[in-house]
Amino acid sequence: MEYFSRAKPRIESLRRKAVSRLRRVRWGRVALITSVVLVVLTIAGTGLVVGMALSFSGKLPDVTALYTPPSEATRIFARDGQLIASLFRENRAIVPLDRIPTSLQQAVLAIEDDRFFQHRGIDARGMVRALFRNLLAGELIEGGSTITQQLARTVFLSPERVVSRKMAEMLLAVEIERRLTKGEILERYLNEVYFGHGAYGAETAARVFFGKPVGELTLSESAMLAGLIRAPSVYSPYRSLPKVVERQRLVLRRMADLGYVSREAAMRAGEEALALVEEGNLGLMGSRAPYFVSYILPYLLERYGEDVVHRGGLQVYTTLDLDLQAVAQEAVRQGIDLAQQEMLNVTQGALVSLEPQTGYIRAMIGGYDFAASQFNRAWQARRQPGSAFKPFVYVTAVASGMPPTKVIVDEPIEYETPEGLWQPRNYTEEFAGPIQMRQALERSINIPAIRTLEELGPRRVISFANRMGITSPMRPDLSLALGSSEVTPLELTSAYGVFAALGVRAEPVGILRIEDRSGKVLEEHTPRREMALSPAVAYVMTDILKGVIIRGTGRGANLDRPLAGKTGTTDDYRSAWFIGFTPQVVTGVWVGNDDNSPTDKVVGASVPLRIWRAFMLVALERMPEADWEVPPGVTLATVCGTSGLLATASCDDPRQEAFISGTEPTEYMLGESSEVRLNRSWPPGGTPPGGTGTDTVVGGGDRPAPPQQPQPFMLQLTTPMDGQTVTSPFTIEGATVPGARVEIAVTAETAVGEVETTEAVVGAMRDGRFKYMFWPRSGPAVKYTIRVRAHVRGGEPAQATITVVEPSPPPSDGENTNR
């Protein structure tokens, strides 16, 4: 027993050792088994991942697309470089990384991928963080995607949050990192990422939200933009500004934590007010001239195709003047609003303004409201021009040798037509009897226009209209004189530009040049011009159209400077027009209704003229006053207004008239019914029985005066007297040697100090008297200095100078509403 007592401790020790050895064997086996299982699982997992990767790799997009520039909006610019519109599927402008401020680059990195420069496309730490947050939320709320993964998703994949897309995104990110540098990845990302409100890329976002290029962004603005990327629809500064500011300050804190900026700078930036542009005026979001863009868009689509126009980043530089476009839009809207207030049944209008010398379109309004109707009435709508077509009849007459003083009988006429008896009538339902061509056009009388067209033949008039730019089909019948064939406002206004440019036809031009996204010029447009009329014919016609504004149906368009134009109204009041011009600009206005229903007796001198005047008052402010120079082949002569014959002292209404040289009158008006034909080969020293005939100027030069014997020389001004108060127009009368050449220069000075001089040459009658009717070219002045110089061959000239004044004109009592 003693032995067992002594052996018991040893046995216990052995037992413990045996148990310990057994335990070690057991845990070793467990560890071995566990290790084997883990290895098997690892191999299986790796195989699964590799298998999935291999499976996906066969379905992944070709990453060489990274080298293709991202889609970029086509930009349309005005003549001064201002942006008019962007055409896009994704509104984007591409800029290199060195033009994106460091503040924006760092802000994006701080909030989206602060380990961007440490990882190779996949950030395991970020993925763990995203996994933890997704487990807490019970759904996929964060992808843990790096900037490279986001770029892969943006360029190649859909935004759907599913495992398969995540696997593809990771594989693509690794490949992108292999092919591109970090700088290239960041540049592509900042040009691709969506910031909300239609803005793709940093450059577009800067302009959309702050109205400035990306390079001008402040730290505060950069932080705001970076904060939008995570959820643009949630963080909209126009919907949830407090959320945006909170997010912006989070970005600034992250930037300070990472050492990008100091905490003081971050705090100051967080306190700055955000200078957002108005949401309704996001410069790139819509067109500032939609009707004009709709005019040039068909050409762009036909020339380059829809994909290039909307994705290719074309830079289109146009002729449009955005300031004038805004004035035109306001003039059309206010004009139509006023017409509706007056219950005139006018719902639509159009305005086109061009430079006649080049054809450059400066303004184009195709309707009252583009949002309500995209139909562009400026170039798509054909409407009857009414009396606005008459100048094409009369310019054909002038070119055919008919003088402005040609007498046409205005009396009832009728014609048999296939549709029955046609009895055209005048607007006033009255007839003037014998009337000069000029007066018939100034008063827009129908019968003389029809008679003139009948004499010329419709096809000849159509030929002239075609040469001047009327391209719409025209019916070769006598109703053409009344504007029965439809035209567009653009072609009619452009055709009037031939008068303004003294015979030069310039095709309308909307596009100056087009460049690709790199700045390479693809095409460049220069004015396309050709001679449609001789300068002499165009000058004479323009001079007649000046009378429309001075004395005729367009008196409401008088802006105290040289202007010419014509009203137009259809017989049934369905359309009303006014087209007016100076040497620098021609503007046409149409009003009516889309359903072609009649207006309430709206005529060209009412609503259209008011719109035209409102636009031109502003348009002409920037243009110096100019008049048309007399071209060679034009003779200016003083004629008697009632007869059209050369004026004598007995004429009560003398006026200066322009003629194609050789068509001027050769007879003098000596009394109520007395007229004598001028003998152009009188004997030396003699005078023509009716006067001297020296009251003509040819092409701006003087026609030689007939030989005269030296006589005692004298010059006396009888009307007006020096210092007298006058009312323009006024007559200048005096006496000198019979047959003398009398040169008259009138210098008009306005209240604001503007000065213009009008010169004329008349001849003294056989009793020595001379007479000249002075018409101020730009409206009444306050002071006139009249200088008269008379001389005959072989004699010393005599001179006289007087000064007269004119009181300021009374205010107008309303617009003229004649046609």
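# Reading the labels on a predicted model

Guide: Lysine 601 is found in the loop between strand S19 and helix H20, and in this predicted model its phi is near 60°, a positive value in a residue other than glycine.

Visitor: Why is lysine 601 called exposed?

Guide: The relative accessible area of lysine 601 is 59%, and the word exposed is kept for values over 50%, so lysine 601 falls under that label.

Visitor: What makes asparagine 596 count as partly exposed?

Guide: Asparagine 596 lies in the loop between S19 (586-592) and H20 (607-619), and its relative accessibility is 33%. Because buried means under 20% and exposed means over 50%, a value of 33% belongs in between, and asparagine 596 is therefore partly exposed.

Visitor: What is notable about the phi of asparagine 596?

Guide: The phi of asparagine 596 is near 60°, which is a positive value in a residue other than glycine. Most residues other than glycine have a negative phi, and that is why a positive value is pointed out.

Visitor: Which peptide bond before proline 720 is cis, and what is its omega?

Guide: The bond runs from threonine 719 to proline 720, with omega near -5°, and proline 720 lies in the loop between strand S26 (715-719) and strand S27 (730-736). A second cis peptide bond, with omega about -5°, joins serine 728 and proline 729, and proline 729 is also placed in the loop between S26 and S27. Most peptide bonds are trans, so cis bonds are worth marking.

Visitor: Proline 508 is another proline in a loop; why does it count as buried?

Guide: Its relative accessibility is 18%, and the cut-off for buried is under 20%, so proline 508 meets the condition. The loop in question runs between S13 and strand S14 (511-515).

Visitor: What does proline 508 touch, leaving out residues up to four places away in sequence?

Guide: Proline 508 touches Tyr295, Leu354, Gly359, Ile361, Leu490, Ser494 and Arg528. Computed along the chain is one thing and through space another, so to speak: proline 508 and glutamate 491 are 17 residues apart in sequence and 8.3 Å apart in space, C-alpha to C-alpha.

Visitor: Which residues line the second largest cavity?

Guide: The lining is made of Leu354, Glu355, Pro356, Gly359, Thr493, Ser494, Gly497, Val498, Val504, Ala506 and Val586, around about 40 Å³ of space. Helix H18 (489-500) and strand S13 (504-506) each supply at least two of these residues, and the largest share, 4 residues, comes from H18. By class, the lining has 6 nonpolar, 4 polar and 1 charged residues.

Visitor: How many cavities of 30 Å³ or more does the structure hold?

Guide: The structure holds 2, and the largest contains about 60 Å³ of space. Of the 10 residues that line the largest cavity, Thr638, Ala647, Val762, Met765 and Lys771 are the closest to its centre, while the lining as a whole divides into 5 nonpolar, 3 polar and 2 charged residues.

Visitor: Why is helix H9 called roughly antiparallel or roughly parallel to helix H10?

Guide: The axes of H9 (residues 241-257) and H10 (residues 263-271) lie 9 Å apart at an angle of about 170°. Since angles over 145 degrees count as roughly antiparallel, H9 is therefore roughly antiparallel to H10. Their contact is made by Gln248, Arg249, Leu252, Arg253, Ala256 and Asp257 of H9 and by Arg263, Ala266, Ala269, Gly270 and Glu271 of H10, which divide into 4 nonpolar, 2 polar and 5 charged residues.

Visitor: How do you know whether H8 is roughly perpendicular or roughly parallel to H9?

Guide: The axes of H8 (residues 219-228) and H9 come within 8 Å and cross at roughly 105°. Angles of 65 to 115 degrees count as roughly perpendicular, so H8 is roughly perpendicular to H9. On the H8 side the contact includes Leu219, Ala223 and Met224, and on the H9 side it includes Val244, Val251 and Met255; by class, its residues divide into 9 nonpolar, 3 polar and 1 charged.

Technical notes:
Residues numbered from 1 in each chain as written. Predicted model: local features only at pLDDT ≥ 70, side-chain atom pairs only at ≥ 80, totals over all residues. Heavy atoms only, no water. Axes fitted to C-alpha atoms, helices over the stretch in contact; angles between N-to-C directions. Helix = DSSP H or I, 4+ residues; strand = E, 2+ residues; numbered from the N terminus. Parallel < 35°, antiparallel > 145°, perpendicular 65-115°, else oblique. Contact = heavy atoms within 4.5 Å. Nonpolar A, V, L, I, M, F, W, Y, C, P; charged D, E, K, R; others polar. 1 Å grid on protein atoms, 1.4 Å probe; cavity = no way out; pocket = protein on both sides within 12 Å on 5 of 7 lines; lining within 4 Å. Points joined across faces, edges and corners; volume = space filled by probe spheres on them. Buried < 20%, exposed > 50% of the residue type's maximum accessible area, 1.4 Å probe, protein only.
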